[in-house]
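User: I am new to this structure and would like a close look at one part of it. Could you walk me through the strands that pair into a sheet, and the charged side chains that meet there and elsewhere?

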Amino acid sequence: MIGKKVIDIGGLVEEPRPSVDRSSAILDLDTHRSFERFDPPLESEVPRIAQETIDAYEKVKRGVTRLMKKCTVKACGYCSEVHVGPWGHNAKLCGGFKHQWRDGKHGWQDATVDEVLPPNYVWHVQDPKDPH
């Protein structure tokens, strides 16, 4: 969209076909039933994998922050919808049903990075059976 006009640059994009080769990059990104396709990591590799995951998340978060400085990003104050672009729509599609007085309209407000890319908190607690 540019302004209030929809600009169609045309053309259809075909979805990539999964490769028969099990080492395909597309197949490696697919997490559906991945526990059946991949062996679990060695216990000694878990800290490295965890750190790489945190580093990747932080890199994406920095990129989203930079993008949000260039584009208008609005989030609904009542549901989880986020709108990137010049206007938030007024369609009656808001999932925040508790606020019926709004007639189903979104409550657009400036978005924060955590609304666009929500954090996933994982709590690590000591194993009660572990003697250490």
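Analyst: Happy to help; what follows goes from confidence to the sheet, and then to the salt bridges.

A word of care comes before the details. This is a predicted model, and the chain averages a pLDDT of 77, with 67% of the residues scoring at least 70. Among the elements of the chain, helix α3 has the highest mean pLDDT, at 93, while helix α1 (residues 25–29) has the lowest, at 65. Where pLDDT is low, the predicted coordinates should not be read in detail.

Now to the sheet. It is an open one, built from 3 strands in the order β2-β1-β3, with antiparallel pairing. Strands β2 (82–84) and β3 stand at the edges and have a single partner strand each, so one side of each is left without a neighbour in the sheet. Neighbouring strands here are turned against each other by 35° on average, direction ignored.

Let us take the two pairings in turn. Strands β1 and β2 run antiparallel and are joined by 3 bridges. The two form a hairpin, with 5 residues between them. To find this pairing in the structure, look for Val-73, whose bridge partner in β2 is Val-84.

With β3, strand β1 also pairs in the antiparallel sense, over 3 bridges. Two residue pairs help you to trace this contact. Cys-76 has Trp-108 as its bridge partner in β3, and Ala-75 is partnered by Gln-109 in β3.

Side chains add a further link between these two strands. Side chains of opposite charge can pair when their charged atoms come close. Asp-110 and Lys-74 do this in a salt bridge, at 2.6 Å from N to O. The pair links distant parts of the chain, as Asp-110 lies in strand β3 (residues 108–110) and Lys-74 in strand β1 (residues 73–76), 36 residues apart. How open are the two partners? Asp-110 has a relative accessible area of 57% and counts as exposed because that value is over 50%. Lys-74, at 23%, is partly exposed.

Beyond the sheet, there is more to see, since the count comes to 3 salt bridges. One of them joins Lys-61 to Asp-114, with the closest N and O atoms 3.6 Å apart. Here too the pair links distant parts of the chain: Lys-61 belongs to helix α3 and Asp-114 to helix α4 (residues 113–116), with their positions 53 residues apart in the numbering. Lys-61 is partly exposed, with a relative accessible area of 24%, and Asp-114 is partly exposed as well, at 37%.

Another salt bridge stays inside a single helix. Arg-48 meets Glu-52, and their closest N and O atoms are 2.9 Å apart. Both sit in helix α3 (residues 46–70), and because they are 4 residues apart there, about one helical turn separates them. Arg-48 is partly exposed, with a relative accessible area of 42%, and Glu-52 is partly exposed too, at 43%.

To put the picture together, start at β1, which sits between β2 and β3 in the sheet order. On the β3 side you can add the salt bridge between Lys-74 and Asp-110. From there, turn to helix α3, where Lys-61 reaches Asp-114 of helix α4 and Arg-48 has its partner Glu-52 about one helical turn away.

Notes: Residues are numbered from 1 along each chain as its sequence is written. This is a predicted model: local features need pLDDT of at least 70, side-chain atom pairs count only at pLDDT 80 or more; totals for chains, interfaces and linings use all residues. Side-chain values use heavy atoms; hydrogens and water are left out. A salt bridge is a side-chain nitrogen of Lys or Arg within 4 Å of a carboxyl oxygen of Asp or Glu. Buried means under 20% relative accessible area, exposed over 50%, partly exposed in between (1.4 Å probe, protein chains only). Two strands pair if DSSP finds at least two bridges between them. Axes are lines fitted to C-alpha atoms, for helices over the stretch in contact, and angles run from 0 to 180 degrees between N-to-C directions. pLDDT is the predictor's confidence in each residue, from 0 to 100.
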